[in-house]
Amino acid sequence: MSSTIYYYTDDFSSVSKSNSMKLEDSTIVKFTVAKEFSENKRINAIDFSQDGKHLLTSSDDDTIRLYDCEKGVQLRELFSKKYGVDLIKHTHAKNTAIHTSTKENDTIRYLSLHDNKYLRYFCGHEKRVVTLCMSPADDTFLSGSLDQTVRLWDLKSDKGVAKLSFSGSTGPIASFDPEGLIFAVGGDSEVLKFFDLRHYDKGPFSTIKISQKNPAFMNWHSLKFSPDGKQMLITTNCEELYVLDAFNGDLKHKLTIGPPVSKPVEHPCEASYSPDSQYILSGAEDGCLHVWSASKGSKVCILKPARSRAEPVQCVKFNPRYMMIGSASSKMTFWIPADEWNTK
């Protein structure tokens, strides 16, 4: 698998220009499944390391798995049978991660992947944590819970940095901007609030209401900034995505994955940007990956795995350094451009 992995042509210091490839429509449509690993139950979260060399998964069977993206092999399998595991994220320190709990309590846990020992516990949330976001700049991270609070933490201390309360019927979603200076919080599936990390105690410096005619059961599921900081992406529980202008909150595109649904999707699908912010990728109930142009809002392609039975794809991310997509259902799937690109 390592012989068919490509780097981006962007100016990354570690990139070998002789082994680079430009990301464009003609490349996207050539992505195909390179390797697939079966896990016992639904994979609830995946996360690439910043250098793109590793990928973490957390699953409903209380396991954490670490993959080598260069060699295409599973490196490690860890268990969290007592606490469960969800929303796993790499931290900036090597061989460490944070994750939420699905059993016992709603504590966030800081884990050493090297020896499967917890380094710190972050207690405070009183209901299930539905958002976990690591700062791109430092050891700060955000969590949002069904207890209607967003908490700001620092990995160096188990004492919370800040607690922000919100009203609404759903748990708040949150995300840092690409520089880690601003964070946004979405509440009650209609309001976005923007905070300066240095002055969060003064309240939001901007509040935007998103007015859309939506199904009564629609809730926002996740919130992400594009890597260039110009857009924001909101996923929902009804297979619709909203692309917003990150500066004024204007709705740029409404992306639909399939036909309208009559009830909420049990496990809403994740969506994410390509590292150059050109493309938006989403999993889907139909088992495929749907890809749109972020600037135009037009669908570029649908990537279909060669399977006899379709499984809903809940997780999808683009590798930040390699020309690779990771997607997950009960299988962890790695996608790269077809082998014919080796001849180009």
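These are my notes on two sheets I looked up in this predicted model.

**Entry 1: the β4 to β7 sheet**

I started with the sheet whose strands run in the order β4-β5-β6-β7. It is open, has four strands, and pairs antiparallel. Which strands stand at the edges? I found β4 (43-48) and β7 (73-79) there. Each has a single partner strand, so one side of each has no neighbour in the sheet. For the twist I noted an average of 20° from one strand to the next.

**Entry 2: β4 against β5**

Next I went to the pairing of β4 with β5, residues 54-59. How many bridges join β4 to β5? I have five down, with the two strands running antiparallel. To fix the register I picked out isoleucine 46, which sits opposite threonine 57 in β5.

**Entry 3: the β8 to β11 sheet**

Then I moved on to the sheet with the order β8-β9-β10-β11. This one is an open sheet of four strands, and its pairing is antiparallel. I checked the edges here too: they are β8 (86-90) and β11 (117-122), and each of them pairs on one side only. Ignoring direction, neighbouring strands of this sheet are turned by 25° against each other on average.

**Entry 4: β9 against β10**

Last, I looked at β9 (residues 96-100) and β10 (residues 108-112), which pair antiparallel over four bridges. Which residue in β10 is the bridge partner of histidine 99? I traced it to arginine 109, and that gives me a marker for lining up the two strands on screen.

Definitions and conventions
Residues numbered from 1 in each chain as written. Predicted model: local features only at pLDDT ≥ 70, side-chain atom pairs only at ≥ 80, totals over all residues. Heavy atoms only, no water. Pairing = 2+ DSSP bridges. Axes fitted to C-alpha atoms, helices over the stretch in contact; angles between N-to-C directions.
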